[in-house]
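Trainee: Could you walk me through reading a structure, one feature at a time?

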Amino acid sequence: MLRYTADRRTVITVLLYFVFAIMPWFLWPQLNNWQIALFVIINCFLSFTCAVIVHNTIHVPIFKKRGMNKFFQVVLSFTYGHSTSAYVPGHNFSHHKYTQGNKDAIRTSKARFKINILNQLLFFFLMSGDILKGEIRFAKKMRVERPSWFRQYLLEMVMVMGLKIVLLIVNWKCAVLFILIPHQYAAWGIVGTNYFQHDGVDENHPYNHSRNFTGNTLNWFLFNNGYHGAHHIKPNLHWSLLPAYHNEHVRPHIHPALDLESLPAYLFKTHIYPAKRLDYLGQPLVLAPAVKDEDWVGDINVSQHATDMAGA
């Protein structure tokens, strides 16, 4: 059923999410505060991990049969709290096609706080309005140009939002702690990765357009998401093949400052001490004047980008 055997881990991770999201509902009367906090932390991590899986799936659907990919997209939508299809417009068509340009809805130049850690912590909230606007405009366009995609998007949205309402009615405390907070964390986290992956890079260079983190532990848990340069060069390359591609085709050409081992070390240096916002050459980052997003939805001809429309 799977196109790549490595996606057994993908399926297991999704199953683990549902186990830990459902379990505390049944244990609720017996849970103490420490146990509740532990479940929240585990669910936040698993929900974020599933958001990474959403990202991988919209580039490379994991099943051989289209119907199974459509079903899996609905399942994934429950794991991070929003339509899986909704990840397509802002990511595949805006960010990937116009990285760090005026048509990239999540370009890092929109974050302009002098205290750099605020740019990272608040990046999701700064971007979410423009992401949502692009999503709605894209959905309206697809309603006419690609009705099958729109129906899938609408199904995922109705199912996810409907379930959240039902869960809030059944037990609002459990819903907030084990569903809504982890989902919010997942959305915050997956959008926030764009900041440390792209801030201060050279979007016009064939290799220096992305920052990479090659530590084994990070990439095992997050499906090689640290190999971001290879992903931008070959967005439809399966996540399991990214390290080999990076080592052969990216590492020989990329600036060493963009090929890093440890994400925590980088975040500490850029956000805690000395906490300076620098470009990849180590110079203070000078931002161009702020501009509004340029229209990218109107430029899209989806018939020319079949592989960017996800499994559905």
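Trainee: Let's start with threonine 10. Where is threonine 10 found?

Mentor: This is a predicted model, so keep that in mind throughout. Threonine 10 belongs to helix α1, which covers residues 8–27.

Trainee: And is threonine 10 buried or exposed?

Mentor: The idea is to look at relative accessible area, where buried means under 20%. Threonine 10 has just 2%, so it counts as buried.

Trainee: Which residues is threonine 10 in contact with?

Mentor: Skip the neighbours within four places in sequence, and you get Ile53, Ile62, Phe72, Phe223 and Trp239. There's also a polar contact of 2.6 Å between the side chains of threonine 10 and aspartate 7.

Trainee: Now a whole helix. How far does α2 reach from its first C-alpha to its last?

Mentor: For a helix, you can set its span beside the one expected at 1.5 Å a residue. Helix α2 runs over residues 33–59, which is 27 residues, and it reaches 40 Å, close to the expected 39 Å. At its start, a side-chain oxygen of asparagine 32 comes to within 3.0 Å of the backbone nitrogen of tryptophan 34.

Trainee: Why do you call α2 largely enclosed by the rest of the structure?

Mentor: Because 19 of its 27 residues are buried.

Trainee: What about α4? How many of its residues are buried?

Mentor: Nine of nine, so α4 (residues 87–95) is mostly covered. Among those buried residues are Tyr87, Pro89, His91 and Phe93. To see what does the covering, check the packing partners: the buried residues of α4 pack against α2, α3 (66–80), α6, α7, α8 and α10 (228–233).

Trainee: You mentioned α6 and α7. At what angle do their axes cross?

Mentor: Picture a line through each helix and compare the directions. The axes of α6 (residues 123–145) and α7 (residues 147–170) come within 6 Å and cross at roughly 130°. That makes α6 oblique to α7, because an angle over 145 degrees would be needed for roughly antiparallel.

Trainee: Which residues in α6 and α7 meet there?

Mentor: On the α6 side they are Glu135, Phe138, Ala139, Met142, Arg143, Val144 and Glu145, and in α7 they are Pro147, Trp149, Phe150, Tyr153 and Met157. Sort the residues of this contact by character and you get nine nonpolar, no polar and three charged.

Trainee: Arginine 151 is in α7 too. Is arginine 151 buried or exposed?

Mentor: Exposed, with a relative accessible area of 55%. You can also compare distance along the chain with distance in space: arginine 151 and alanine 139 are twelve residues apart along the chain, and their C-alpha atoms are separated by 9.7 Å.

Trainee: Let's try a loop. Where is the place of histidine 205?

Mentor: Histidine 205 is in the loop between α8 (172–198) and β1 (212–213). At 25% relative accessibility, histidine 205 counts as partly exposed. A polar atom of the histidine 205 side chain lies 3.0 Å from the backbone nitrogen of asparagine 208. Histidine 205 and histidine 96 are 109 residues apart along the chain, with 14 Å between their C-alpha atoms.

Trainee: Last one, aspartate 259. What does the side chain of aspartate 259 make a polar contact with?

Mentor: The side chain of histidine 246, at 2.9 Å. Aspartate 259 sits in strand β2 (residues 259–260), and at a relative accessible area of 18% it is buried. Not counting residues up to four places away in sequence, aspartate 259 touches Asn212, Thr214, His246, Arg251 and Ile254.

Key: Residues numbered from 1 in each chain as written. Predicted model: local features only at pLDDT ≥ 70, side-chain atom pairs only at ≥ 80, totals over all residues. Heavy atoms only, no water. Helix = DSSP H or I, 4+ residues; strand = E, 2+ residues; numbered from the N terminus. Buried < 20%, exposed > 50% of the residue type's maximum accessible area, 1.4 Å probe, protein only. Polar contact = N/O pair within 3.5 Å; in protein donor to acceptor, adjacent residues only side chain to side chain. Contact = heavy atoms within 4.5 Å. Expected span 1.5 Å × (residues − 1). Axes fitted to C-alpha atoms, helices over the stretch in contact; angles between N-to-C directions. Parallel < 35°, antiparallel > 145°, perpendicular 65-115°, else oblique. Nonpolar A, V, L, I, M, F, W, Y, C, P; charged D, E, K, R; others polar.
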